[in-house]
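Subject: Structure for you to look through

Hello,

I am handing over the structure we talked about, and I would be glad if you kept it open while you read the notes underneath. Please follow each part in the viewer as you go.

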Amino acid sequence: MSTPEIEKPSVVVVGGGAAGILIIRHLAAKLDMAKYNLVLVTATPYYTHHPACIRMLVSPAGSLEDTAMHIPYDTLLTRGGKQLKCGVVVGKVVGIAEELPNGRGNGSGSGGGGRVDLEGGGSVGFSVVVLATGCSWEGPLAFPGGTREEMGAWVKEWRERFERAEDIVIVGGGATGLEFAGEIRDLSQTKRITIVHDEPLLLSNAYPDSFRKTVAKDVRRRDVAVIVDDSISSFEISEASTIRTEKGRLLVADLVIPCRGPRPNTDYLATLGDESIAATGHVKVIPTFQLSGHPRIFAAGDVVDWDEQKQAEKYGAHADVVVKNVLDVLRGRQPDVLYRGCYESITIANGKSGGNTYYSFWGPELQFGDLVSTAKKSKSLKVHSTRRQLGLIV
């Protein structure tokens, strides 16, 4: 890994996921490297394409561990075969500290800024910082990080669990739970699969009832049981191989998969005060993607408190706004590029050859079934297109 030069002020991107990697690549193309360092701070030394992880965890189909995970940032941070001028610091962020304008001593430059504090005592100074630390999941998607061997052992263990299990209960009927059900059904036609969801319809009310009902119909068509308006709070399987819902239903289970949604990685922002963090744990931003009252701190991606579904395909639009406004801050200008939101769309894979797709376009609504969904996502999980976008395929 390369390291940043310390004599110049730095633009720092914290988090190398779907939003962070786009922002760092766009900044590398536009930032004046004679004046600034560009630094990526990441908890792991490699990138993972998360839309492929559910299938990768359930079965070895497609050898996705070779193409969708363990992608080194040194490999990603190239363009046209040439290495981008970007430092990479691998470490867990534990805090953000700001300094007043004309502060000194942490590499942030004379216009204010601060530092990113790392676990173990290190820090990286910044003139401007972009927070794109993403979310943490539970269950199979709670990857341990660490070495390639540790990640490989995690994947192997979960594949063995799915292979052995005959009665599988999925807690949560959002897109993640639905896609797990589809992949498990592809793995075996005889396993008994039950989804328990705490709303009257699958998914959330971000989508129309007609789409949610169609999704439920298609899931049931693959012999997956769906229980709605109920929940499971304890994942402990009893000695009788049963698990109890909150409404008292007893379900046979030898494997329980929690899919209740992710939690934003924002604990390290406690030092900025409650006014910067929403009740959900997301980062409060104004339409320039700056934190209110913190003009040199930006946020993007899953951590942002914005009224839209968290999806990687929106983060190109996030990156466009963030990069333009970061450059304006560095030039001493008032940022004026505003994020207006993206229309809602979703494709839910139902195994390798099925699924459901929805587009809203801020008014007209379109819904598609297996044919469109398979071409858009289910067959490839967007691995090839993502690798091309990240410069891994010319």
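Let me begin with strand β13, which pairs with strand β18 (residues 255-258) in the parallel sense over four bridges. Please keep in mind throughout that this is a predicted model. Within that pairing, Val169 has Val256 as its bridge partner in β18. β13 also has β14 as a parallel neighbour, joined to it by five bridges, and there the bridge partner of Val169 is Thr194. To get from β13 to β14 the chain passes through α5, and this β-α-β crossover is right-handed.

Which residues of β13 point one way, and which the other? Asp167, Val169 and Val171 point to one side, while Ile168 and Ile170 point to the other, and all of them are buried. This can be read beside a general rule, namely that side chains in a regular strand alternate between the two faces of the sheet. β13 as a whole is mostly covered, since five of its five residues are buried.

The loop between β13 (167-171) and α5 (175-187) contains Gly174. Is this glycine buried or exposed? Gly174 falls in between and counts as partly exposed, because its relative accessible area is 22%, and the buried class is reserved for values under 20%. Leaving aside residues up to four places away in sequence, Gly174 touches His197 and Leu203. Gly174 and Ser204 are 30 residues apart in sequence, yet their C-alpha atoms are 7.0 Å apart in space.

Moving on along the chain, strand β14 (residues 192-196) runs parallel to strand β15 (residues 224-227), and four bridges join the two. In this pair Ile195 stands opposite Val226 of β15. Together with helix α6 (residues 209-221), β14 and β15 make a right-handed β-α-β unit.

Helix α6 comes up again when we turn to the empty spaces inside the model. Four cavities of 30 Å³ or more are present, and the largest holds about 40 Å³ of space. Its lining is made by Leu178, Val215, Val219, Ile348, Ala349, Asn350 and Asn356, with α6 and β22 (345-349) each supplying at least two of the lining residues. By character, that lining divides into five nonpolar residues, two polar ones and no charged ones.

There is also an open sheet of six strands with mixed pairing, in the order β7-β2-β1-β11-β21-β20. Why is one side of β7 and of β20 left without a neighbour in the sheet? β7 (87-90) and β20 (290-291) stand at the edges and each has a single partner strand, so one side of each stays free of a neighbour in the sheet. For β20, two bridges make an antiparallel pairing with strand β21 (residues 294-299), in which Gln290 stands opposite Phe298.

β20 and β21 also each supply at least two residues to the lining of the second largest pocket, which has about 170 Å³ of space. Among the residues that line this pocket are Ile286, Gln290, Leu291, Pro295, Arg296, Val329 and Arg333, so you will meet Gln290 from the sheet there once more. The lining of this second largest pocket divides into five nonpolar, four polar and two charged residues.

With best wishes

Note on methods:
Residues numbered from 1 in each chain as written. Predicted model: local features only at pLDDT ≥ 70, side-chain atom pairs only at ≥ 80, totals over all residues. Heavy atoms only, no water. Pairing = 2+ DSSP bridges. Right-handed = clockwise from strand over helix to strand, strands pointing away. 1 Å grid on protein atoms, 1.4 Å probe; cavity = no way out; pocket = protein on both sides within 12 Å on 5 of 7 lines; lining within 4 Å. Points joined across faces, edges and corners; volume = space filled by probe spheres on them. Nonpolar A, V, L, I, M, F, W, Y, C, P; charged D, E, K, R; others polar. Buried < 20%, exposed > 50% of the residue type's maximum accessible area, 1.4 Å probe, protein only. Contact = heavy atoms within 4.5 Å.
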